[in-house]
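Please walk through this structure step by step, beginning with one residue and moving outward from there.

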Amino acid sequence: MITHTVDWDRGQSAPQCATAPAGPVGPGTYLVEAALPGTKVSPASFTLAKD
């Protein structure tokens, strides 16, 4: 398993993705998907516990 930590401004998905109403996201479970040319990358979920 590879772990990578990123800073997230709680902005929402790219315009072509299904998104909730505008504004920062709140607590909940989210799905992250990454793209890496030539490699299959599986989606992963994470839980944001509080604002």
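## From one loop residue to the whole chain

Glu33 lies in the loop that runs between strand 1 and strand 2. The model shown here is a predicted one. Glu33 has a relative accessible area of 59%, and because the cut-off for exposed is over 50%, Glu33 counts as exposed. Eleven residues further along the chain is Ala44, and the C-alpha atoms of Glu33 and Ala44 are separated by 6.6 Å.

Ser42 has its place in the loop between strand 1 and strand 2 (44–48). Ser42 is exposed as well, since its relative accessible area of 53% is over 50%. Ser42 and Val32 are ten residues apart in sequence, and their C-alpha atoms are 9.1 Å apart in space.

Val32 brings the description to strand 1, where this residue is found. With a relative accessible area of 41%, Val32 is neither under 20% nor over 50%, so it is classed as partly exposed. Val32 also belongs to a nonpolar patch on the surface, together with Trp8 and Phe46. The accessible area of Trp8, Val32 and Phe46 together is about 250 Å².

Next comes the part of the chain ahead of the strands. Asp9 is found in the segment before strand 1, which spans 28–32. Is Asp9 buried or exposed? Its relative accessibility is 69%, which is over the 50% cut-off, and therefore Asp9 counts as exposed. Asp9 and Val25 are 16 residues apart along the chain, and 9.3 Å separates their C-alpha atoms.

The remaining values describe the chain as a whole. How many helices and strands does the secondary structure of the chain come to? There are zero helices and two strands. The chain has 51 residues, and buried residues make up 4% of them. About 4800 Å² of the chain is exposed, with carbon and sulfur atoms supplying 58% of that area. Among the contacts in the chain with a separation of 6 or more, 19% are accounted for by residues 24 or more positions apart.

Methods: Residues numbered from 1 in each chain as written. Predicted model: local features only at pLDDT ≥ 70, side-chain atom pairs only at ≥ 80, totals over all residues. Heavy atoms only, no water. Helix = DSSP H or I, 4+ residues; strand = E, 2+ residues; numbered from the N terminus. Buried < 20%, exposed > 50% of the residue type's maximum accessible area, 1.4 Å probe, protein only. Contact = heavy atoms within 4.5 Å. Areas by Shrake-Rupley, 256 points an atom, 1.4 Å probe, with all protein chains shown as cover. Patch = residues over 30% accessible without salt bridge, like charges linked within 9 Å, V, L, I, M, F, W, Y side chains within 5 Å. Salt bridge = Lys/Arg side-chain N within 4 Å of Asp/Glu carboxyl O.
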